Amino acid sequence: MRRLSAMLRFPAVLAALALAVVPGAAAADEPPPHAYQRLDRVGAALAEDPLFVDPDVAQALGAPDRARLRAALAAAAKRLGTPAYVVVIPNPSQSESQGRDDAFLFMLHERSRRDGLYVMADGHGHLESEAFNVPRRGLSSWDELDEEDAPGAARPADSERPFDGLADRIVRRLDGYAAAPSASPTMPRLYSSPDPFGQETTLTPDEPEIKAPLLTGLLLAGPAAAAVLYWLGLGVLALRRGRTHRSPEPRQARVYARARTKPSMRWLRRHAAKDLETLRRLLATAGGERGRDYAVSAYDAAQILYDDAKADESKAIDLVGVIVLARQGQIALVRDVASPPAPCLVNPLHGRSVVRRRVRKLEKEHGGALPRQCPLCVSCRNLDSRHALDERRLLRIPGPDGHRPHTLVPGVWRETAWGAHGKTFLPRVMRYLGVD
């Protein structure tokens, strides 16, 4: 064990030397100073006033609404025992957070180094919120705030008038957090990050090749660089031998606490793309003897579904299928299993199940679509233990006529119960796609 430890430390030192041999290698990944100017500007403004309204969306809130929000922020902060902030700002896809409001709030918190409740409204009137070290119980207490027809809704009632009722929704969102049961402060997690600055549109080839510039660079680097690479390679091999069966499962494959009950098409498209990319990268780097075949098939099926669904609301449930398949592929690779567990059937976006239980409160209306022993995630298992797991937790799929429970949407996902009926799930999905 000591020999392995020493071997791993030595290449690490040599790797640092390699960065010194090739000037600028370490700095290449660092974003330029101007990359975070907008975040720093917002952070500085929040230090003086908990309400920030960007001049580009100044029309979103009039003077009376701003006064009301400042009063609501002070009241929420007093009840929470932590600061509360509201940011109203456009967040285009070309921004530092690539249009992701959750990523913007995480980056703002990291740059400002101030814990508290952050609520954001973007240029389309969509709300996002994150609670950093706020002494309140997890999101299960205010999941309904993401419902489009509930107080504090994530989206405006009329997309053509995105700022109508914005102050009301923000106040309700603040009140929802403040009214939640007290608990130990916790930090939320961002389960996928935006691409590094300047690499937003960079394509990663599926099978990278050794090109002439690399060979030229090795020749110019000389014997010292060759020695560094040699020892670094030995260290990596030793590390993989020592950890093949102990690799921790990535957070994305373990828990998805931020899964919504009524996701929008925009949310589903964004998360489907991120999970697909995560699986693609794992396929290029992970070993996984037993799980590789499943992961490859899951990736192929998910990619076909994603390309076909586009923004068609009638195929929204297929985007959920993309997310489920991509996450199952990740589990198959990381845990090296030929058949990953079925997802939580109350909400397949919750991630993998950990137990099967009979959920009597769901049997009357949804028993035909749920097996008698229903796969549940950790969160739903805990709710069921308190007899609090009911229809409100079911995933609802967006569609032309509004959201409806996923158990009432006919098709391959209902027929297979998202894999709860056994190992025929992926073959059945492939047949649905017309792939042999």
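Trainee: I'd like to start with one residue, Arg 113. Where does Arg 113 lie?

Mentor: You'll find Arg 113 in the loop between helix 4 and strand 3. Keep in mind that we're looking at a predicted model.

Trainee: How do I read the backbone angle there? What is the phi of Arg 113?

Mentor: The general idea goes like this. Most residues other than glycine have a negative phi. Now the case here: Arg 113 has a positive phi of about 60 degrees, although it is not a glycine.

Trainee: And is Arg 113 buried or exposed?

Mentor: Its relative accessible area is 74%, so Arg 113 is exposed. Have a look at Asp 336 too, where phi is near 50 degrees, again a positive value in a residue other than glycine. Asp 336 sits in the loop between helix 11 and strand 7. With a relative accessible area of 15%, though, Asp 336 is buried.

Trainee: Let me step back. How many helices and strands does the protein chain have?

Mentor: The chain comes to 15 helices and 10 strands. It has 436 residues, and 45% of them count as buried.

Trainee: How do I read contacts along the sequence?

Mentor: Take contacts between residues at least 6 apart in sequence: 71% of those join residues at least 24 apart.

Trainee: Now charges. How should I think about salt bridges?

Mentor: Side chains of opposite charge can pair when their charged atoms come close. In this model there are 17 salt bridges. One of them joins Glu 96 and Arg 38, with the closest N and O atoms 2.8 Å apart.

Trainee: Why does the pair of Glu 96 and Arg 38 tie together parts that are apart in sequence?

Mentor: Glu 96 lies in the loop between strand 2 and helix 4, while Arg 38 is in helix 2, so the pair ties together parts that are 58 residues apart in sequence. Both ends are tucked away: Glu 96 is buried at 14% relative accessible area, and Arg 38 counts as buried at 17%.

Trainee: What about a salt bridge inside a helix?

Mentor: Try Arg 281 and Glu 277, whose closest N and O atoms are 2.7 Å apart. Both lie in helix 9, 4 residues apart, which is about one turn of the helix. Arg 281 counts as partly exposed, at 44% relative accessibility, and Glu 277 is partly exposed as well, at 26%. Salt bridges that share partners join Glu 277, Arg 280 and Arg 281 into one network.

Trainee: Does a buried charge need a partner like that? Which side chain of opposite charge is nearest to Asp 318?

Mentor: For Asp 318 the nearest one is Lys 315, 6.1 Å away, and this buried residue has no salt bridge. Asp 318 belongs to helix 11, residues 316–335.

Trainee: What does the side chain of Asp 318 touch, then?

Mentor: Setting aside neighbours within four places in sequence, Asp 318 is in contact with Leu 305, Trp 413 and Tyr 432. Its side chain has a polar contact of 2.8 Å with the side chain of Trp 413, and another of 3.4 Å with that of Tyr 432.

Trainee: Last topic: rings. How many aromatic pairs are there?

Mentor: A search of the whole structure finds 5 aromatic pairs. Tyr 85 and Tyr 118 form a tilted one, 4.9 Å centre to centre with 40 degrees between the planes. That pair links distant parts of the chain, with Tyr 85 in strand 2 and Tyr 118 in strand 3, 33 residues apart. Both tyrosines, Tyr 85 and Tyr 118, are buried.

Trainee: Why is the pair of Phe 106 and Phe 132 edge-to-face?

Mentor: Their planes are at 85 degrees and the ring centres are 5.2 Å apart, so the pair counts as edge-to-face. Phe 106 lies in helix 4 and Phe 132 in strand 4, so this pair ties together parts 26 residues apart in sequence. Phe 106 and Phe 132 are both buried. Ring pairs link Tyr 85, Phe 106, Tyr 118 and Phe 132 into a cluster.

Trainee: Which ring has the charged end of Arg 269 over it?

Mentor: That's the ring of Tyr 306, with the charged end of Arg 269 sitting 4.0 Å from its centre.

Conventions. Residues numbered from 1 in each chain as written. Predicted model: local features only at pLDDT ≥ 70, side-chain atom pairs only at ≥ 80, totals over all residues. Heavy atoms only, no water. Helix = DSSP H or I, 4+ residues; strand = E, 2+ residues; numbered from the N terminus. Buried < 20%, exposed > 50% of the residue type's maximum accessible area, 1.4 Å probe, protein only. Lys, Arg positive; Asp, Glu negative; His and termini not counted. Salt bridge = Lys/Arg side-chain N within 4 Å of Asp/Glu carboxyl O. Polar contact = N/O pair within 3.5 Å; in protein donor to acceptor, adjacent residues only side chain to side chain. Contact = heavy atoms within 4.5 Å. Phe/Tyr/Trp six-rings, centres within 6.5 Å; stacked < 30°, edge-to-face > 60°. Lys NZ or Arg CZ within 6 Å of the ring centre and 35° of its normal.
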